[in-house]
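Let's look at this model together and ask how each label in it is earned. Have the sequence and the 3D view ready.

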Amino acid sequence: MKNVLLFTTLVTVLFSCQETHFKEDVVMAGGIHVTSGTLNMGKSIYTESCMPCHGVKGDGAGVAAKGMRVPPRNFKLGIIKFGDVASGDLPHDASIEKSLRHGLKGTAMLPWDLKGQQMGAVIQYIKTFAPETWIGKDKTLGTQVVATKDPFGLAHRAAAIEKGKGVYHIVAQCQSCHQAYVTKSELNRLSMKISKESITDFDDDMYQSKPQDSEHGVMTLPPDFTWDSVRSASSVEELYLRIAVGVGGTGMPAWNDTITDEEIWAVSYYVRSLMDLKDTAERKAMMQRLAN
Ligand code: HEC
Ligand code: HEC
């Protein structure tokens, strides 16, 4: 008898917990139909694995988040940084999945090996923190940007890097936020070559990264590619995508409607070559050259 009573109490407790769970299916942006069962699965994965950082309310204020230099994403804002569409548009699940599978290098966001339906379930669940952004039949996703054919290839890597150096410093002036990686005389040489103009005025902070405001409610720092981790990209092709579409909700713009496709490829090769300098004597020599 006692056992039966215990059993009924347990069932009642379980049942009342169930009440706070999802009972209805929803349609997410892009016409993705998600069942209540999937959302409940996502919620339990979230509670176990993600909540310590991303918080009970999904606001990024989890117990483990305190003091993190790069704070966990506040999902209530509904802004994804490393999407696959022009910033501002809603990204496809594949790009969110990529950040989960590979982690975001240099941050507390580690790779997650979620099996089977678990991955999709937790992705759909985190969208429920920003219902106005994600939930509704009428909501559409942006046009997915995919890498075009690499016009250089490994055989022309050196030429791509040289062209990319000019794109970086003269055509796009990435150093207006990031830092410059050439001496003043080389900047002048590049400028003469590309725009036939000499540079006489140099910005005092050209060798420093300039902190930027963001829509995430925190300042973001453009990385020094020879030192800081690039969070979402490692290969030239991944860099191409990131540079083409930008970083959502931050100062990092989408470049695919400002510079040509070939220029995006070239600057991707150049950024990759800067990343290769990390922890090398070559980097040390470069930094010394720039300081003089
Ligand atoms: C140890 C802390 C920690 C845990 C645990 C954690 N994250 Fe994160 N997560 C972060 C941080 C920090 C960032 C922000 C990185 C940035 O801004 O570049 C982040 C960012 C994200 C993003 C944003 C990606 C983008 O492009 O904007 C998603 C989605 C995400 N996490 C999902 C999850 C999920 C799902 C889980 C659980 C399976 C999880 N995280 C567990 C710390 C964590
Ligand atoms: C208006 C300011 C601004 C300009 C101009 C700018 N960036 Fe950025 N960039 C940023 C900021 C801010 C971040 C960091 C975003 C974050 O993760 O919080 C960033 C991040 C990046 C990243 C790293 C993305 C990752 O996955 O971590 C790459 C690569 C990058 N920028 C390349 C470029 C290139 C190449 C140019 C020039 C063609 C450029 N940026 C111009 C502000 C800028």
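**Two ligands and their iron atoms**

α2 gives 4 residues to the shell around ligand 1, which is the largest share. Keep in mind that this is a predicted model.

Q: What makes H54 and M109 the protein donors of the iron atom of ligand 1?
A: A donor is an N, O or S atom within 2.8 Å of the metal. The NE2 atom of H54 and the SD atom of M109 lie 2.0 to 2.2 Å from the iron atom, so they meet that cut-off.

Q: Why can we say that this pair ties together separate parts of the sequence?
A: H54 lies in helix α2, while M109 is in the loop between α3 and α4, so the pair joins parts that are 55 residues apart in sequence.

Q: Why is the site of the iron atom of ligand 1 called octahedral?
A: Six donors count as octahedral if opposite donors are over 155 degrees apart and all others between 65 and 115. This site has 6 donor atoms with angles of 88 to 179°, and it is classed as octahedral.

Q: Is H54 called buried or exposed, and why?
A: Buried means under 20% relative accessible area. H54 has 10% relative accessibility, so it counts as buried.

Q: What makes M109 partly exposed?
A: The partly exposed class lies between the 20% and 50% cut-offs. M109 has a relative accessible area of 21%, so it belongs to that class.

Q: How do you know that R73 makes a polar contact with ligand 1?
A: A polar contact is a pair of N or O atoms within 3.5 Å. A polar side-chain atom of R73 lies 3.0 Å from an oxygen atom of ligand 1, so this pair qualifies. K81 also takes part, with a backbone N or O atom 2.8 Å from an oxygen atom of ligand 1.

Q: Which pocket holds ligand 1?
A: Ligand 1 sits in the second largest pocket. Ligand 2, for its part, sits in the largest pocket.

Q: What coordinates the iron atom of ligand 2?
A: H178, through NE2, and M252, through SD, coordinate this iron atom at 2.0 to 2.2 Å. H178 is in the loop between α6 and α7, M252 is in the loop between α8 and α9, and the two residues are 74 residues apart.

Q: Why is the site of the iron atom of ligand 2 called octahedral?
A: This site has 6 donor atoms, with angles of 85 to 179° among them, and it is classed as octahedral.

Q: Why do H178 and M252 get the labels they have?
A: H178 is at 10% relative accessibility, under the 20% cut-off, so it counts as buried. M252 is at 21%, between the cut-offs of 20% and 50%, so it counts as partly exposed.

Q: What makes S232 a polar contact of ligand 2?
A: One of the polar side-chain atoms of S232 lies 2.6 Å from an oxygen atom of ligand 2, and the limit is 3.5 Å, so the pair counts. K81 has a polar side-chain atom 3.0 Å from an oxygen atom of ligand 2.

Q: Why is F152 called buried?
A: F152 has a relative accessible area of 13%, which is under 20%, so the label is buried. You will find F152 in the loop between α5 and α6.

Definitions and conventions
Residues numbered from 1 in each chain as written. Chains lettered and ligands numbered in written order. Predicted model: local features only at pLDDT ≥ 70, side-chain atom pairs only at ≥ 80, totals over all residues. Heavy atoms only, no water. Donors = N, O, S within 2.8 Å, 3.2 Å for Na, K, Ca; no water. Tetrahedral: all angles 85-135°; square planar, octahedral: opposite > 155°, others 65-115°. Buried < 20%, exposed > 50% of the residue type's maximum accessible area, 1.4 Å probe, protein only. Polar contact = N/O pair within 3.5 Å; in protein donor to acceptor, adjacent residues only side chain to side chain. 1 Å grid on protein atoms, 1.4 Å probe; cavity = no way out; pocket = protein on both sides within 12 Å on 5 of 7 lines; lining within 4 Å. Sits in = over half its atoms within 2 Å of the grid points.
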